[in-house]
Amino acid sequence: MTNKLVVPKMSEVRVEGIKAIIEQLGIAKAAFLLRENMSQNVDYLEIKEQMFVNKTAREIYAEIKRNG
């Protein structure tokens, strides 16, 4: 039997993340944080390459499960 890798929907992750940020920081600080991060010109593909060099999706998932 093969274990399937389940990738969550990005929209669900985004909503859950924003809720967590609001709970931890409060609405005002969360708004400032989100505004600041949304306005940054970031190359996500470059960041992804730096963070996950030569790692498979399965390896990344296993690391998340260990640390989560």
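1. Which helices each supply at least two residues of the lining of the largest pocket? They are α1, residues 10–25, and α4, residues 57–67. Keep that pair in mind while reading the points below. Note too that the model is a predicted one.

2. Start with the overall fold. The protein has 4 helices and 0 strands. Read along the sequence, the pattern is α-α-α-α. Look for α1 at 10–25, α2 at 27–38, α3 at 44–51 and α4 at 57–67.

3. Next, the overall dimensions. The radius of gyration of the protein is 15 Å, whereas a compact globule of 68 residues would have one near 11 Å. Along the principal axes, the C-alpha atoms fill a box of roughly 45 × 25 × 20 Å.

4. Now the surface. Its accessible area is about 6,600 Å². Carbon and sulfur atoms account for 59% of that surface. Buried residues make up 3% of the 68 residues.

5. Then the charges. The protein carries 11 positive and 9 negative charges. How far apart are the mean positions of the positive and negative charges? They are 7 Å apart.

6. Back to the largest pocket. Its volume is about 330 Å³. The lining includes Leu5, Val6, Val7 and Pro8. Met10 and Val13 are also among the lining residues, and so are Ala57, Ile60, Tyr61 and Ile64. Which helix gives the most to this lining? It is α4, with 4 residues. A general idea helps here: rolling a probe the size of a water molecule over the atoms shows where empty space is left.

7. Ala30 deserves a look. This residue sits in helix α2. Is Ala30 buried or exposed? Ala30 counts as buried, because its relative accessibility is 1% and the cut-off for buried is under 20%. Another residue to find is Lys19, 11 residues away from Ala30 along the chain. The C-alpha atoms of Ala30 and Lys19 are separated by 9.3 Å.

8. Compare Arg35, which also lies in helix α2. Its relative accessibility is 52%, so Arg35 counts as exposed; the cut-off for exposed is over 50%. Now find Arg66. Arg35 and Arg66 are 31 residues apart in sequence. From C-alpha to C-alpha, they are 31 Å apart in space.

9. Last, check the backbone at Asn54. This residue is not a glycine, yet its phi is positive, at about 60°. Where is Asn54 placed? It is in the loop between α3 and α4. Asn54 is exposed, because its relative accessible area is 76%.

10. To recap, carry three items forward. The helix pattern is α-α-α-α. The largest pocket takes at least two lining residues from each of α1 and α4. Ala30 is buried, whereas Arg35 and Asn54 are exposed.

How values were computed: Residues are numbered from 1 along each chain as its sequence is written. This is a predicted model: local features need pLDDT of at least 70, side-chain atom pairs count only at pLDDT 80 or more; totals for chains, interfaces and linings use all residues. Side-chain values use heavy atoms; hydrogens and water are left out. The radius of gyration is taken over C-alpha atoms; the globule rule is 2.2 Å times the number of residues to the power 0.38. Buried means under 20% relative accessible area, exposed over 50%, partly exposed in between (1.4 Å probe, protein chains only). Accessible areas come from the Shrake-Rupley method with a 1.4 Å probe; for residues, only the protein chains shown count as cover. Lys and Arg count as positive and Asp and Glu as negative; His and the chain ends are not counted. The place of a charge is taken as NZ of Lys, CZ of Arg, CG of Asp or CD of Glu. On a 1 Å grid over the protein atoms alone, a cavity is a set of points where a 1.4 Å probe fits but cannot get out, and a pocket is an open set with protein on both sides within 12 Å along at least five of seven lines; lining residues have an atom within 4 Å of a point. Grid points are joined across faces, edges and corners, and a volume is the space filled by probe spheres set on the points.
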